[in-house]
Amino acid sequence: MNVRNCRNCGRIFNYVMGPFLCPRCREKLEEKFQIVKEYIREHPGITIPEVSEACEVDPSQIRQWLREERLQLSEDSPIYLNCDGCGALIRCGKYCDKCKTNTTRDLQSVLKQNVSKMPETRRPDPTNPKMRYF
């Protein structure tokens, strides 16, 4: 059992995964997210500080939702995020499409190299009655 204190309210709860928030604070945060999402739909092109003030949500939380790709900035928005890889301007997430493609390609090449380097596994000889321990 992994018991933690809620980062928001300080209550003790059984931590499973994700942010260190108790179920009650997690529900409140999800309600705030839905409010922000609806507000952005109704007011396209609005800035993060304006959304923060109107919905009473911390601007850093809105940026986190953008980084998690739960929200996306509209095409006419004057605000952009910077790609963590190359610094290019993006609308949501952490990386631009170019950096995502490069990372995927690099990982695939590493996986191909590792598969070719793997030793052949020996199968037990069915005629040999010896028991083996690993």
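Which residues are buried in H1? Before selecting them, keep in mind that the model on screen is predicted, and begin with the whole chain in view.

**The whole protein**

Coloured by secondary structure, the protein shows four helices and four strands, and if you follow the chain along its sequence these elements come in the pattern β-β-α-α-α-β-β-α. Of the 134 residues, 22% count as buried. Switch on a surface and you will be looking at about 10800 Å² exposed by the protein, with carbon and sulfur atoms supplying 53% of it. Among contacts between residues at least 6 apart in sequence, 21% join residues at least 24 apart.

**Helix H1**

Now select residues 23-42, which form helix H1. At 1.5 Å a residue its 20 residues should span 28 Å, and the C-alpha atoms at its two ends lie 29 Å apart, which agrees. Show the side chains of Cys 25, Phe 33 and Val 36, which are the residues that answer the opening question, since they are buried in H1. Turn the view until you look down the axis of H1: the buried residues fall within an arc of 85°, so they line one face of the helix. On the face turned away from that buried side, select Pro 23, Glu 27, Glu 31, Arg 41 and Glu 42, which are exposed. To see what covers the buried residues of H1, add helix H2 (48-55) and helix H3 (59-67), which are included in that cover.

**Helix H2**

Move next to H2, where Ile 48, Val 51, Ser 52 and Cys 55 are buried. These residues cover an arc of only 100° around the axis, which puts them on the same side of H2. The opposite view, onto the face turned away from the buried side, brings up the exposed residues Pro 49 and Glu 53. H1 and H3 are included in what covers the buried residues of H2. Just after the end of H2, stop at Glu 56, whose phi is positive, at about 55°.

**Arg 91**

For the last stop, select Arg 91, in the loop between strand S4 (89-90) and helix H4 (97-117). Is this arginine buried or exposed? Its relative accessibility is 12%, and because buried means under 20%, Arg 91 counts as buried. Display the side chain of Tyr 80 as well, and you will find a polar contact of 2.8 Å joining it to the side chain of Arg 91. Leaving aside neighbours within four places in sequence, Arg 91 is in contact with Leu 66, Gln 72, Leu 73, Ser 74, Glu 75, Ser 77, Ile 79, Tyr 80 and Leu 81.

Definitions and conventions:
Residues numbered from 1 in each chain as written. Predicted model: local features only at pLDDT ≥ 70, side-chain atom pairs only at ≥ 80, totals over all residues. Heavy atoms only, no water. Buried < 20%, exposed > 50% of the residue type's maximum accessible area, 1.4 Å probe, protein only. Polar contact = N/O pair within 3.5 Å; in protein donor to acceptor, adjacent residues only side chain to side chain. Contact = heavy atoms within 4.5 Å. Expected span 1.5 Å × (residues − 1). Arc of directions from axis to C-beta. Areas by Shrake-Rupley, 256 points an atom, 1.4 Å probe, with all protein chains shown as cover.
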